[in-house]
Amino acid sequence: MKRKVIIDTDPGIDDALAIIFALQHPDIEVLGFTSVGGNKGLQSTTDNVTRILNYFGSDIKVYKGSEKNYSKTVDSNFNLSIDYSKEIIHGSNGLGSAVLDKNDALISDKDAVTFILETIEKYPNQVDLITLGPLTNIAFCIEKNFDIMKQLKSIHSMGGGIHRGNRTPLAEFNYWFDPHSVNKVFELGEYLPIFMIGLDVTHQAVLDMNDLTFMQLIDPKLGQLINQMLDSYILNYWENQRILGAVMHDLTAIVGYMYPELYTEVLDINLYCSTADDVTIGQTIITDTAMVNSHIPMKLNVEVYKQHVIKDIFGQEALNEYTTYLNNE
Ligand code: BDR
Ligand code: CA
């Protein structure tokens with residue numbers, strides 16, 4: 001039986017790869033996509049989800065997320081300043097230099113919070129929530145109806161980092177963007193498993209330049225699209241961090257959701273996100289209390305991870321070719 005998921009996302013290039021993986025995977029049933037502002041503003045991220053769906057001819061609906069940042073609504077001192085004209089890592093439109101048509105018909109009239117709550121009510125204890133952006137929408141859902149949210153099966157959230165940040169030296173982008181929402185969401189950790197897929201593990205998930213060339217050779221159309229999406233992203237990681245390849249944060253969240261055995265070391269721990277008005281804001285801090293509210297993978301089997309990515313996006317034959325190529329190296 002297919003696994004029922006809701007994907008909350010802010011595409012974003014690594015979001016796009018995660019969405020592609022979900023659409024191509026035979027065992028995933030995406031009940032709906034919900035959009036959130038993050039990598040780009042809310043309208044752009046919403047449109048970008050439709051661009052990817054449209055390319056694949058999918059009719060799954062997109063539910064627009066909250067215009068408001070949750071932290072701003074609960075903390076009058078919270079001051080998110082983001083100038084999207086300077087946010088260039090995901091390219092000017094959020095999908096690198098890939099040019100894809102949007103499809104407004106895929107955007108539902110229903111908002112994300114209503115959709116998420118109604119869907120969990122319809123399928124109690126059956127829905128897994130995968131979050132690839134700030135936790136804004138999910139915090140609003142919890143504020144609106146905690147009891148329904150307790151009936152989620154699990155949450156897999158890309159964000160945070162125990163030993164590293166990326167937006168600041170201490171904080172990862174998604175959690176930095178809306179830190180109060182993180183603590184709100186981890187309140188659910190008492191009732192259902194929450195996996196924090198943080199930078200410690202996503203930085204191990206690098207598709208290198210050979211992997212990307214391979215994709216283009218094995219499937220010129222989709223491989224080229226993926227390479228076009230990734231051009232500015234790769235350049236940015238090279239220029240700023242001297243990493244050569246594509247660090248697949250969001251893709252890791254969904255691949256690890258399907259294949260949890262890829263995580264070879266996991267912390268079961270209590271997590272808190274700093275909301276202090278200082279350099280720590282957005283930092284994920286682990287505390288040594290009895291109450292475990294999160295599971296945090298720290299190590300990834302990269303080799304097998306890549307095999308799943310190739311097989312589930314491009315098919316078994318592509319994996320055979322990939323194995324041959326590796327053996328011939
Ligand atoms: C996260 O921030 C965004 O830039 C990516 O899409 C990912 O969700 C990584 O810190
Ligand atoms: Ca994202």
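Let us start with a term: a residue is buried under 20% relative accessible area, exposed over 50% and partly exposed in between (1.4 Å probe, protein chains only). This is a predicted model, in which local features need pLDDT of at least 70, side-chain atom pairs count only at pLDDT 80 or more, and totals for chains, interfaces and linings use all residues. Residues are numbered from 1 along each chain as its sequence is written, chains are lettered from A and ligands numbered from 1 in the order in which they are written, and side-chain values use heavy atoms, with hydrogens and water left out.

**Exercise 1. Backbone angles**

Task: Find where N125 and R242 lie, and sort each by its accessibility.

Solution.
- Step 1: Recall that most residues other than glycine have a negative phi.
- Step 2: N125 is not a glycine, yet its phi is positive, about 60°. Look for N125 in the loop between helix 4 (112–122) and strand 5. Helices (H or I, at least four residues) and strands (E, at least two) are DSSP runs, numbered from the N terminus.
- Step 3: N125 has 48% relative accessibility, so it counts as partly exposed.
- Step 4: R242, also not a glycine, has a positive phi near 55°. R242 belongs to the loop between helix 11 (220–241) and strand 9 (246–247), and its 54% relative accessibility makes it exposed.

**Exercise 2. Strand 1 and its partners**

Task: Work out which strands pair with strand 1, and in what sense.

Solution.
- Step 1: Pairing requires that DSSP finds at least two bridges between two strands.
- Step 2: With strand 2 (residues 28–35), strand 1 shares seven bridges in the parallel sense. Here D8 is opposite T34.
- Step 3: Strand 5 (residues 127–131) also runs parallel to strand 1, joined to it by five bridges. On this side I6 has L129 as its bridge partner.
- Step 4: Six of the seven residues of strand 1 (residues 3–9) are buried, so the rest of the structure largely encloses this strand.
- Step 5: Now follow the chain onward. In the loop between strand 1 and helix 1 you meet G12, and the peptide bond from P11 to G12 is cis, with omega near -5°.

**Exercise 3. The surroundings of ligand 1**

Task: Which side chains bring a polar atom to an oxygen atom of ligand 1, and at what distance?

Solution.
- Step 1: Among the residues around ligand 1 are D14, D15, N39, H90 and N166; each has a heavy atom within 4 Å of it.
- Step 2: Check for polar contacts, which are pairs of N or O atoms within 3.5 Å. The distances to a ligand oxygen are 3.0 Å for D15, 2.7 Å for N39 and 2.8 Å for N166.
- Step 3: Ligand 1 taken alone exposes 280 Å², and the protein buries 94% of that.

**Exercise 4. Aromatic pairs**

Task: Classify the ring pairs Y55 with F56 and F173 with F177.

Solution.
- Step 1: Rings of Phe, Tyr and Trp (its six-membered ring) pair if their centres lie within 6.5 Å; planes under 30 degrees apart are stacked, over 60 edge-to-face, and the rest tilted. The whole structure has ten aromatic pairs.
- Step 2: For Y55 and F56, the ring centres are 5.0 Å apart and the planes at 75°, so this pair is edge-to-face.
- Step 3: For F173 and F177, the centres are 5.6 Å apart and the planes at 50°, so this pair is tilted. Both F173 and F177 are buried, and ring pairs link them with W176 into a cluster.

How values were computed. Polar contact = N/O pair within 3.5 Å; in protein donor to acceptor, adjacent residues only side chain to side chain. Areas by Shrake-Rupley, 256 points an atom, 1.4 Å probe, with all protein chains shown as cover.
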